[in-house]
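Here is a briefing on a ligand site and on some backbone geometry. Look at the structure first, then read the points below.

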Amino acid sequence: MDFLSKIALALDLPSEKDLIHILTTLEPQPKIVKIGLEVVYALGLENSLGLITKFLPNADIFLDLKLHDIPNTVAKAVLALKKFKVKYLTVHSLGGQFMLEKALEKTQNSGINLVAVTVLTSHSEENLKKEFDLPDNFQLFDLSEKLTSLAVKAGLEYIVCSAQESKLLKQKFFHLKTITPGIRLKTEQNGISDDQARIVTPSMAFNEAKADIIVIGRPIYQAPNPAAAWTQLLKTCDSF
Ligand code: C5P
């Protein structure tokens with residue numbers, strides 16, 4: 001399988017120098033590059049998109065802005081983003097079905113795939129229960145399923161979810177495509193989960209969770225040798 005086109009490299013590097021360094025050191029070149037809030041706020045949207053296009057002209061851009069506001073505002077934000085060469089754009093499913101529908105309408109003829117973020121991978125069932133004072137029988141999966149169903153009803157094809165939910169969600173929603181962050185090369189290694197609560201290995205994500213795209217960031221760009229970590233990731237995927 002062509003794993004390279006199923007790996008979104010998250011580059012949360014708010015320094016132009018660091019960003020260029022990673023963009024120019026990985027071989028083979030990443031096919032999907034994800035940038036989000038840190039990079040866009042630090043370097044500017046046009047500048048950061050321009051840098052990716054300059055150094056990786058063939059890469060698809062995943063713009064992880066996690067839009068969440070009233071429907072009119074989100075729809076107009078999507079409309080404003082239409083002029084950029086973006087393949088994936090995230091919105092929060094929590095914004096509701098109407099917001100998702102309005103946003104999707106504005107992607108027409110743009111090449112943008114609108115991606116609904118369900119439950120962040122930094123949340124765990126326990127911490128959601130505690131923070132929101134939820135009943136003991138609260139199940140994170142139910143929330144994830146609800147948020148996915150809003151996205152599907154609104155007509156979106158892609159969601160972001162944890163690999164821990166991906167397989168079941170794909171069984172329930174037939175045409176759903178899942179994008180799963182929270183990927184770590186070895187789940188048993190202490191201290192590598194960073195702020196992620198629901199983490200899995202690439203093998204679990206692709207083989208068990210049936211993820212269509214995995215998102216991985218810090219295990220690559222924060223590795224002592226990012227090029228070696230990238231090679232190792234690709235080798236691991238090729239060995240499945
Ligand atoms: O560095 P790490 O591999 O944890 O990066 C994961 C990336 O995926 C980050 O850019 C984060 O914003 C994003 N993300 C996530 N969980 C979600 C949605 C997006 O971790 N539910």
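**Ligand site and backbone outliers**

The ligand sits in the largest pocket. The model is predicted. Taken alone, the ligand exposes 470 Å², and the protein buries 89% of that.

**Shell around the ligand**

- The ligand is surrounded by 16 residues.
- The closest of them are Asp-12, Lys-34, Thr-121, Arg-184 and Arg-218.
- By class, the shell divides into 7 nonpolar, 3 polar and 6 charged residues.
- Three elements give two or more residues to this shell: strand β3 (60–67), strand β8 (213–216) and helix α10 (218–221).

**Polar contacts to ligand oxygen**

- Lys-34 makes a contact through its side chain: an N or O atom there is 2.7 Å from an oxygen atom of the ligand.
- Arg-218 also uses its side chain, with an N or O atom 2.8 Å from an oxygen atom of the ligand.
- Gly-217 uses its backbone instead: an N or O atom there lies 2.8 Å from an oxygen atom of the ligand.
- Lys-34 and Arg-218 are also listed among the closest residues to the ligand.

**A cis peptide bond**

- Most peptide bonds are trans.
- The bond from Glu-27 to Pro-28 is cis, with omega near -10°.
- Pro-28 is placed in the loop between helix α1 (16–25) and strand β2 (32–36).

**Positive phi outside glycine**

- Most residues other than glycine have a negative phi.
- Lys-66 has a positive phi, near 45°.
- Lys-66 is found in strand β3, and β3 (60–67) is one of the elements that give two or more residues to the ligand shell.
- Is Lys-66 buried, partly exposed or exposed? Lys-66 counts as partly exposed because its relative accessibility is 28%, which falls between the 20% and 50% limits.
- Asp-133 has a positive phi too, near 55°.
- Asp-133 lies in the loop between helix α6 (125–131) and helix α7 (140–154).
- Asp-133 has a relative accessible area of 69%, so this residue is exposed; the cut-off for that class is over 50%.

**Points to check in the viewer**

- For the ligand, start with the contacts of Lys-34, Gly-217 and Arg-218.
- For the backbone, view the cis bond from Glu-27 to Pro-28, then the positive phi values of Lys-66 and Asp-133.

How values were computed
Residues are numbered from 1 along each chain as its sequence is written. This is a predicted model: local features need pLDDT of at least 70, side-chain atom pairs count only at pLDDT 80 or more; totals for chains, interfaces and linings use all residues. Side-chain values use heavy atoms; hydrogens and water are left out. A residue is near a molecule or strand if one of its heavy atoms lies within 4 Å of it. A polar contact is a pair of N or O atoms within 3.5 Å; within protein, one must be able to donate a hydrogen and the other to accept it, and residues adjacent in sequence count only if both atoms are side-chain atoms. Accessible areas come from the Shrake-Rupley method with a 1.4 Å probe; for residues, only the protein chains shown count as cover. On a 1 Å grid over the protein atoms alone, a cavity is a set of points where a 1.4 Å probe fits but cannot get out, and a pocket is an open set with protein on both sides within 12 Å along at least five of seven lines; lining residues have an atom within 4 Å of a point. A molecule sits in a cavity or pocket if more than half of its atoms lie within 2 Å of its grid points. Helices (H or I, at least four residues) and strands (E, at least two) are DSSP runs, numbered from the N terminus. Ala, Val, Leu, Ile, Met, Phe, Trp, Tyr, Cys and Pro count as nonpolar, Asp, Glu, Lys and Arg as charged, and the others, Gly among them, as polar. Buried means under 20% relative accessible area, exposed over 50%, partly exposed in between (1.4 Å probe, protein chains only).
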